[in-house]
Every structure is written in C-alpha cells, then in structure tokens.
Amino acid sequence: MIKYILLCFLMYIIPRSIPAQKRYSVKTIAFYNVENLFDTIHSSDSDKERTPSGSYKWTSERYMDKTTKLARVISRIGMETTGTAPDIVGLAEIENGIILRDLINDKALRAYNYGIVHFDSPDHRGIDVAFLYKRSTFTPIHFKNIPLKIHNEEGYRIYTRDQLLVTGILDGEPFHFIVNHWPSRYGGEKRSRPNRLAAAELNKQLIDSLQLHNPGAKIVSMGDLNDDPSDASLKKTLKARGKKSETGPGELFNPMEEMASKGLGTLAHRDRWHLFDQIFFTAELLDENKSSYRYWKAGIFNKHYLITPSG
C-alpha cells in the first residue's frame, strides 16, 4: 500500500491603497493519515502488537524515527508556495495526546508553535483523529467530538472513530473544520458500504446544522474517508460536486473528484489507485469576491521519499 499526503490551499487578497496592487496571503490546510502512530507503552488490548515485545517490535528508537520523519514531512507541506509549514493539519491514526505533543515538539515543527485539539475515541483499534493549528493564525473557540454509532448485522455496535468538529477564527475569519476517518472496507467494499454511508450522513448533519445557523459558513471537511470521490457516500449522501460551475450556494465542492478522474490517488492497493484522503468544503469558499479567504488550489503532496515502491 502506498500512501500520500493531501493538501489544500486557500488564498486571501488584501487590497492596498493603489488599486492595481494587491498582496496575497496564502494559508495551507493539510490532511495526513500517519498510519498507526502508537507509542511504545502498553495501555490497552489494542496496542499490544505495537510495543517492544509485540509482533512489530515497536521500540523507542523506531517510534522516535517515525515521529521525526512525520514532523519533517508535515513541515514541508505547502512550503514551496508559502515558505512555511501548514496552518491547519488534520491527522488520522493517532493513538493518544502524548504522541501529538511529541510530534509538535520535534525540532522540525517546534518553531511553529502548534496547538492541539484531540479527544480519545472508542475505536476498537485504539486510533483517533486530531487537529493541529498554528497558534499565530488560528484560534479555536469551540470543539467537540461526535460519535458515529453504527452496528453490525448481529446488532452489536461497531466502535469506530469519532468525527472531530473544530470552530475557530482564522486570521479574523470564522471557520469550521471537520476531521474524519470513516469506517474501513474490511469485509469487502459492498458489505462495509453502509458504515461509510452512515459516516457521510453524520458529516452531512454536522454541515447542515452549521449552515442552518449561518448559511454562509465556511466549512472544510477532511479525512481518510475509505471511499473515492465518485462513491455514493460523497456523490449521493453529501452531494459533493466535482466542478466549481456546478456547485450552487450551500452545496459542497470536492476538488479531489477531478484528480481522481485523472488517475491520481493517495494510496495504491492491489494495482489500483484510490483517492480515499480528501478535503471538501462549502461553496462559500468559491465566491469570486476575494475580500476574504477563498479556495485557490488543491494537490497531493507526493514527494519521492514518501513512496514505498514495493510490498
């Protein structure tokens, strides 16, 4: 399996005294599935394999090596355009808050003074989603975790990741961010599909409630959805649009749909590319009025050192 990182750019135009001159401020919003980032301490049944005596032989040296490499990669997302690390980072597959503190205190990220929003979820694998933000540009004012309550065919609850909602101020503007890690395709895509449809429905309910309060709300939802942009969870439940011209007021735009149509992806499995890692957002960010933050462009951070060429 090959994993890439997803990133999304927003652009802000600030008029100056001379109409012909404008100054551009670009912020980077990124999502990264860091793939089973566990510490070495045995704290529950879900992490036994990822300890020094477990099957993965997960030692302190290996843990610190991975954390250092992840921090280095995060610091470089968007760097070529903005000259700095991302302002907002959504993460998936984090074991706990200790790991997040180790990550942001690594020398590659320490200077950016990141803050953390994280809740422990009931996921059976012991992994959570999390939200990092530069304290200098974003101020969280409200955040909560929303559980996804789904059940198997026998009626037993499937314990999976919560959805994390963070509301705050990005350079003076209200923004809402949702970080997701939807149920996997374990047992087959068709059999597991209802679980992701339920996750999409929960996402839709969150977005609808925010828009009910403010129809012009700027909402960014991101995460490992375990579905492609063309799947029913995105197209039918969330009704996400793949073209700006077809995205009406109050609707969702998904720039990853066009990428997927070109054969791009964020992971390869059994000789097929998938674009499970996605960022989509409300039409408010597509407005032509550039007096506040608007969407500029999106991409996949796919440097050569991130690719596993075999296995």
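# A walk through a predicted protein chain

Let's start at one spot: asparagine 226 is buried, because its relative accessible area is just 11%, and the cut-off for buried is under 20%. Asparagine 226 sits in the loop between strand 12 and helix 5. Its backbone has a little quirk, too: phi is positive, about 55°, although asparagine 226 is not a glycine. Why does that catch the eye? Most residues other than glycine have a negative phi. Keep that loop in mind, since we'll come back to it.

Before going on, remember that what you have in front of you is a predicted model. Now zoom out to the whole chain. You can look for 6 helices and 17 strands in it. Along its principal axes, the C-alpha trace spans about 65 × 45 × 40 Å. How does the radius of gyration fit with a compact globule? For 311 residues, a compact globule would come out near 19 Å, and the protein chain has 19 Å, so the two agree.

What share of the residues is buried? Of the 311 residues, 52% are. The surface of the chain that remains accessible adds up to about 15000 Å², and 50% of it belongs to carbon and sulfur atoms. The fold also brings together parts that are far apart along the chain: take the contacts between residues at least 6 apart in sequence, and 67% of them join residues at least 24 apart.

Next, the charges. The protein chain carries 43 positive and 37 negative charges, and the mean positions of the two sets are 4 Å apart. Side chains of opposite charge can pair when their charged atoms come close. In this structure there are 18 salt bridges.

One of the salt bridges is found in helix 1. The side chains of lysine 69 and aspartate 65 meet there, at 3.1 Å from N to O. Because these two residues are 4 apart in helix 1 (residues 60-76), about one helical turn separates them. Are they buried or exposed? Neither, quite: lysine 69, at 44% relative accessibility, counts as partly exposed, and so does aspartate 65, at 39%.

Other salt bridges reach across the sequence. Arginine 185 and aspartate 227 meet through their side chains at 2.9 Å, N to O. Arginine 185 is in the loop between strand 11 (173-181) and helix 4 (189-213), while aspartate 227 is in the loop between strand 12 (219-224) and helix 5 (232-237), so this pair ties together parts that are 42 residues apart in sequence. Aspartate 227 counts as buried, with 2% relative accessibility.

Arginine 185 has another partner: its side chain also forms a salt bridge with aspartate 231, again at 2.9 Å from N to O. This pair, too, links distant parts of the chain, with aspartate 231 in the loop between strand 12 and helix 5 and arginine 185 in the loop between strand 11 and helix 4, 46 residues apart. Aspartate 231 is at 18% relative accessibility, so it counts as buried. Which residues end up in one network through salt bridges that share partners? They are Arg185, Glu189, Arg193, Arg196, Asp227 and Asp231. And here is the loop from the opening again: asparagine 226 lies in the loop between strand 12 and helix 5, which also holds aspartate 227 and aspartate 231.

Now hop over to aspartate 106, in the loop between helix 3 (97-104) and strand 5 (114-118). With a relative accessible area of 11%, aspartate 106 is buried. What does it touch, if we leave aside its neighbours within four places in sequence? Its contacts are Thr68 and Ala71. Threonine 68 is 38 residues away along the chain, yet its C-alpha atom and that of aspartate 106 are separated by 6.4 Å.

Two last stops. Lysine 57 is placed in the loop between strand 3 (22-37) and helix 1. Like asparagine 226, with its phi of about 55°, lysine 57 has a positive phi, near 50° in its case, without being a glycine. Lysine 57 counts as partly exposed, at 48% relative accessibility.

Finally, find serine 261 in helix 6 (residues 256-261). At 60% relative accessibility, serine 261 counts as exposed, since the cut-off for that is over 50%. Measure along the sequence and serine 261 is 31 residues from serine 230; in space, the two are 8.9 Å apart, C-alpha to C-alpha.

How values were computed
Residues are numbered from 1 along each chain as its sequence is written. This is a predicted model: local features need pLDDT of at least 70, side-chain atom pairs count only at pLDDT 80 or more; totals for chains, interfaces and linings use all residues. Side-chain values use heavy atoms; hydrogens and water are left out. The radius of gyration is taken over C-alpha atoms; the globule rule is 2.2 Å times the number of residues to the power 0.38. Buried means under 20% relative accessible area, exposed over 50%, partly exposed in between (1.4 Å probe, protein chains only). Contact means heavy atoms within 4.5 Å. Accessible areas come from the Shrake-Rupley method with a 1.4 Å probe; for residues, only the protein chains shown count as cover. Lys and Arg count as positive and Asp and Glu as negative; His and the chain ends are not counted. The place of a charge is taken as NZ of Lys, CZ of Arg, CG of Asp or CD of Glu. A salt bridge is a side-chain nitrogen of Lys or Arg within 4 Å of a carboxyl oxygen of Asp or Glu.
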